[in-house]
Amino acid sequence: MSRFRQPQPLPHGSRLTDPGFSLEEIHEMLDAIEQSLSRLRAANLHDKLMPMAYIPEAVSVFMDFEMNGVLYDTGINRSVANKLKTFDAKLRAPVMVAALQRARSYLRTLESEHGGASLSEHEAHQDLWRQEVAEAHPPQPIQIWTDQWVYVKRGSRAKEIIVDVSELLDEAVLLAKTTNLPEDQAALTDIERAQLIAILETTLAVLKAPMIEPGLLKKTASIAKEVAERTAKKKTEEALGVGLAYVAKRLLELVASLF
């Protein structure tokens, strides 16, 4: 689609980097993303694990983002984004859909910089808005009975689980951030969603440390399980619920592996 270009800052006041795409290239990418989204939705794949080769048009777009240095400007978490540009990688269908929706929003923002269709303020500043909500209504202090700080050895079973659960957390964060449902139909209120994202991202950051406190992992597992049960009961955002159920299960397995 495009040649490699040295990324440049967009005009003053913009938070994005200019990848140098022409308006025609942006429209081609938007068409590719829509093709992949249509295929995923038509197949009714539910929570099935799918190869990225199933949506080759989208892979080409993400490869283009990577070559032009803007893959992470889409707001997609790194572990998920790295899979999006690889034909052999696999992601759950709902995660693919959420990632493609984020890419579409990013491309529409670029389109608006060219004087094309403008992006809604809510969509363009979605992450910043959720951060502001979390700061205005931070999660309640989490009461944790501290077990002990445990060092995680390289090559251990715990280290293997951390890789898996980190990917699951990245997917859950993406699904939590990407919803088109109004608040009265969603499984979570805007405040609850912002607080959940803050907790998941905190846990993800902790898992990158050489030592882990099991009490935090247990608490996050409990919160994830609670939200998963709520989504099942309300029958909305079920993909998020399934993802959080996986997170809870693997976190508890991680705790067990530490001792």
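This note goes through the helices, the nonpolar core and several single residues of a predicted model.

1. Overall make-up. The protein has 259 residues, and buried residues make up 47% of them. Its secondary structure comes to 10 helices and six strands. Among contacts with a separation of 6 or more, 77% join residues that are 24 or more positions apart.

2. The nonpolar core. The largest nonpolar core holds 71 residues, and the members that touch the most others are Phe62, Phe65, Leu107, Leu244 and Leu254. At least two residues of this core come from each of these helices: H1 (23-43), H2 (56-67), H3 (78-84), H4 (93-113), H7 (157-177), H8, H9 and H10 (238-257).

3. Leu254. Leu254 is one of the buried residues of H10. Apart from neighbours within four places in sequence, Leu254 is in contact with Ala158, Ile161, Ile162, Val165, Leu207 and Leu217. Of these partners, Leu217 also appears on the H9 side of the contact between H8 and H9.

4. Helix H10. H10 has 20 residues and reaches 29 Å from its first C-alpha to its last, close to the 28 Å expected at 1.5 Å a residue. Its buried residues are Leu240, Gly241, Gly243, Leu244, Val247, Ala248, Arg250, Leu251, Leu254 and Val255. The list includes two glycines and an arginine, Arg250. The buried residues of H10 pack against strand E4 (90-92) and against H7, H8 and H9.

5. The pair H8 and H9. Two packed helices are described by the angle between their axes and the distance between the axes. For H8 (residues 190-206) and H9 (residues 214-234), the axes come within 11 Å and cross at roughly 145 degrees. The crossing of H8 and H9 is left-handed. On the H8 side the contact involves Glu192, Leu196, Ile199, Leu200, Thr203 and Val206, and on the H9 side Leu216, Leu217, Thr220, Ile223, Val227 and Arg230. By class, this contact has eight nonpolar, two polar and two charged residues.

6. Helix H8 on its own. H8 has 17 residues and reaches 24 Å from its first C-alpha to its last, close to the 24 Å expected at 1.5 Å a residue. Arg193, Ala194, Gln195, Leu196, Ile197, Ile199, Leu200, Thr203, Leu204 and Val206 are buried in H8. Several residues that meet H9, including Leu196, Ile199, Leu200, Thr203 and Val206, are also in this buried set.

7. Gly215. Gly215 is found in helix H9. Gly215 has a relative accessible area of 6%, so it is buried, the cut-off being under 20%. Gly215 and Val255 are 40 residues apart in sequence, yet their C-alpha atoms are 8.6 Å apart in space. Val255 is among the buried residues of H10.

8. Helix H4 and Ala98. H4 has 21 residues and reaches 31 Å from its first C-alpha to its last, close to the 30 Å expected at 1.5 Å a residue. This helix is mostly covered, with 18 of its 21 residues buried. Ala98 lies in H4 and is buried, with a relative accessible area of 2%. Leaving aside neighbours within four places in sequence, Ala98 is in contact with Leu174, Leu175 and Thr178. The C-alpha atoms of Ala98 and Thr179 are separated by 8.0 Å, although these residues are 81 apart along the chain.

9. Glu57. Where does Glu57 lie? Glu57 lies in helix H2. Its relative accessibility is 16%, so this charged residue counts as buried. Not counting residues up to four places away in sequence, Glu57 touches Ala32, Gln35, Ser36 and Arg39.

10. Two positive phi values. Most residues other than glycine have a negative phi. Phi of His46 is near 55 degrees, and phi of Glu237 is near 50 degrees. His46 is found in the loop between H1 and strand E3 (49-51), whereas Glu237 is in the loop between H9 and H10. Is each of these residues buried or exposed? His46 is exposed, with a relative accessible area of 60%, while Glu237 counts as buried at 13% relative accessibility.

Technical notes:
Residues numbered from 1 in each chain as written. Predicted model: local features only at pLDDT ≥ 70, side-chain atom pairs only at ≥ 80, totals over all residues. Heavy atoms only, no water. Axes fitted to C-alpha atoms, helices over the stretch in contact; angles between N-to-C directions. Helix = DSSP H or I, 4+ residues; strand = E, 2+ residues; numbered from the N terminus. Left-handed = near helix turned anticlockwise from the far one by under 90°. Contact = heavy atoms within 4.5 Å. Core = buried A, V, L, I, M, F, W, Y, C linked by side-chain atoms within 4.5 Å. Buried < 20%, exposed > 50% of the residue type's maximum accessible area, 1.4 Å probe, protein only. Expected span 1.5 Å × (residues − 1).
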